[in-house]
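Please open the model in your viewer and keep the selection panel at hand, as this tour moves from one selection to the next.

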Amino acid sequence: MHEMSLAEGVLQLVEETARREAATRVKTVVLEIGRMSSVEPEALRFCFDSVTLGSIAQGAELEVVMVAGSGWCMVCAQTVALNARFEACPNCGSYQVQAVSGTEMRVKEIEIE
Amino acid sequence: MCTVCGCGAGETRIEGDGHAHPHVHEDGTVHSHAHAHGGDHQHPHDALPVAAHEHRHHHADGSVHAHSHGHQGEHAHPHEPPAAADLDYGNSPARAHVPGLSPSRMVQIEQDILAKNNAYAIANRAHFDELGIFALNLVSSPGSGKTTLLVKTIEQLKATRAISVVEGDQQTSNDAERIRATGVAALQINTGKGCHLDAHMVGQAIERLRPADESLFLIENVGNLVCPAAFDLGERHKVAILSVTEGEDKPLKYPDMFAAADVMLLNKCDLLPHLDFDVDLAEANARQVNPHLTIFRVSARSGEGLSAWVAWIQAGLEAQRDKRAATVAGLKARIAELERKLAAQ
Ligand SMILES: Nc1nc2c(ncn2[C@@H]2O[C@H](COP(=O)(O)OP(=O)(O)OP(=O)(O)O)[C@@H](O)[C@H]2O)c(=O)[nH]1
Ligand SMILES: [Mg+2]
Ligand SMILES: [Zn+2]
C-alpha cells in the first residue's frame, strides 16, 4: 500500500527533526509498523532508499519494528490476538472486535550525528 | 543482529553484502573498512561510554585482525534487540568526543507517518466547517462509475446548490472535462505516479476553486481501492463505490476502504439481471467490516436508486449549514454577552 508516500512521510519527519537537532547525518531511522497496517516492510525499505537519495538521510539504515496485532472483543470483554484487522475474535467468533494495537505506522526515533 | 550497528541479521541486504564501519584508534587515526558479518566480531559494550574494547575483523581478503581502542562515545549503537521497548539512546548527557567526529545520538520522534497529511486534513475540515461546506470523498476501484455518478448527482442538485468538484487521476483531464460539461466548476489534479489524493493537494484545490459558502464540494479520488483509505482529505464522509461487476468479496479483500467509508454505493445495478452477483452477500460482507455503513443500491446509467442518495446529500448539506448557523449564533451570543458586561462596567 502506497509505500512511496509513506516513505516521503517518514523523510519529512526525519528531516524536520534532523534540522531542529542540527544534525549532519542520519544514521538510523527506527519505525514501528503494525502487522495489521497493510504496510509491506520490504516495499517500504525500497522506497525509503530511493526517496532519501540526496537528502540528509541518504544511506541511513531503516529499522522496522513490527508490532503484533491485538483487539478488544466486546463479547468476551478482553483483549485478544489478531492477525488481520477485520478478523473475528479467536475465542468467540464475534466480529465486534476493536483493533487496539497492530495498526500503527510511526517514526519512533532516529540516530543522528 | 550485528552488534556493531544494530542492523538485523536475516534482513537481506544485497548491495555490497556487508558494510563499513569507521573506527577511531587511540592515536587519533580514523579508518573505515568493510567486512562481512557472521558473528565474527563480538565486543563488550557494557562499560560504554568510555571503555576500551577489542574488535576482530574479517577482511574481504579473508585475513582476520584484532585491535583494541578506546571509546568516548564516538560511535554509539543500540546494544539490545530493537524490539525491546523504551530504550532511550537520546537523553544521556553530551559525551566528550574525539575532535572532528561528532557523537551519534538517538532522538525520539514518536509521530505518525501520516502526521503531515493529517494536519492538512484538519485545516481543510476547519475551512469547510467554517463556511458550512459539505465535502465528500468518493473512492473506488478504477471504472466503478465515480465520474458517471457525479455527473448524474450534479444534474439533480446544481439548480439548488453551488457545487465544485476535484478530480484526481494519475493522467489526463478527461474526468474534469466531463464534470465541466454539466456547467459546474471542476479542477483536475494529476497525481502522476501517486496512487491517491492527499490533503495538501485538496488544500490547494480549495484555494483555486474557492467553493461558495454552504456549497457542495465533491472529491473524486484516484481509482484505487487501497491507498486512498489511509489519507484523510478533510471530507465529512468517504463514500465507497462498489459496482456489481466487481464481485461480492471486495469488501473483505479491501477492508480498509470499506471501514473508512460511511456510505457505500452499490453501482451498476441495472446489470444485475445479467450477472450472478449476490447483492445481499455483498452488503453483508461490507457490514462485516463496517457495521455502521449506509448502503444505497443505484444505477448511474438508469438513474435507479439515485433519489435516495441525492436525498442523503441534501440532508448532509442542511446539517452542515445548521451546524454553521449554530456556531455563528453561538459566537453572536458570546459577543452580545461580552458587550453587555462591558456596558455594565
Ligand atoms: N451499466 C452501467 N455502466 C456504468 C454505470 N456507471 C458507470 N458505468 C460505466 O462504467 C464505465 C466507467 O465509468 P466511470 O464513471 O468513468 O468510472 P470511474 O470510477 O470514474 O473511473 P476512473 O475515474 O477511471 O476510476 C463507463 O463506461 C461508464 O459508462 C452504471 O450504473 N451501469
Ligand atoms: Mg472517473
Ligand atoms: Zn470474543
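Begin in chain B of this predicted model by selecting B:Gly168, which stands opposite B:Ile189 in strand E8 of chain B. Widen the selection to strand E7 (residues 163–169) and strand E8 (residues 185–190) of chain B, and you will have two strands that run parallel and are joined by six bridges. Now follow the chain from E7(B) to E8(B): the path goes through helix H3 (residues 174–180) of chain B, and this β-α-β crossover is right-handed.

Next, select the magnesium ion (ligand 2), whose protein donors are B:Thr147 through OG1, B:Asp175 through OD and B:Glu220 through OE, lying 2.1 Å from the ion. In sequence these donor residues follow the spacing T-x27-D-x44-E. Color B:Thr147 in helix H2 (residues 146–157) of chain B and B:Glu220 in strand E9 (residues 216–220) of chain B, and you will see a pair that links distant parts of the chain, 73 residues apart. Both B:Thr147 and B:Glu220 are buried.

Finally, select ligand 1, which is surrounded by 19 residues, the closest being B:Lys146, B:Thr147, B:Thr148, B:Asp270 and B:Ala300. Helices H2 and H3 of chain B each supply at least two residues of this shell, and H2(B) gives the most, with three residues. For the polar contacts, look for an oxygen atom of ligand 1 that is 3.1 Å from a polar backbone atom of B:Gly143, then for a polar side-chain atom of B:Arg178 that lies 3.0 Å from an oxygen atom of ligand 1. B:Glu220 also places a polar side-chain atom 2.9 Å from an oxygen atom of ligand 1. Taken alone, ligand 1 exposes 650 Å², of which the protein buries 76%.

How values were computed: Residues numbered from 1 in each chain as written. Chains lettered and ligands numbered in written order. Predicted model: local features only at pLDDT ≥ 70, side-chain atom pairs only at ≥ 80, totals over all residues. Heavy atoms only, no water. Donors = N, O, S within 2.8 Å, 3.2 Å for Na, K, Ca; no water. Helix = DSSP H or I, 4+ residues; strand = E, 2+ residues; numbered from the N terminus. Buried < 20%, exposed > 50% of the residue type's maximum accessible area, 1.4 Å probe, protein only. Pairing = 2+ DSSP bridges. Right-handed = clockwise from strand over helix to strand, strands pointing away. Near = heavy atom within 4 Å. Polar contact = N/O pair within 3.5 Å; in protein donor to acceptor, adjacent residues only side chain to side chain. Areas by Shrake-Rupley, 256 points an atom, 1.4 Å probe, with all protein chains shown as cover.
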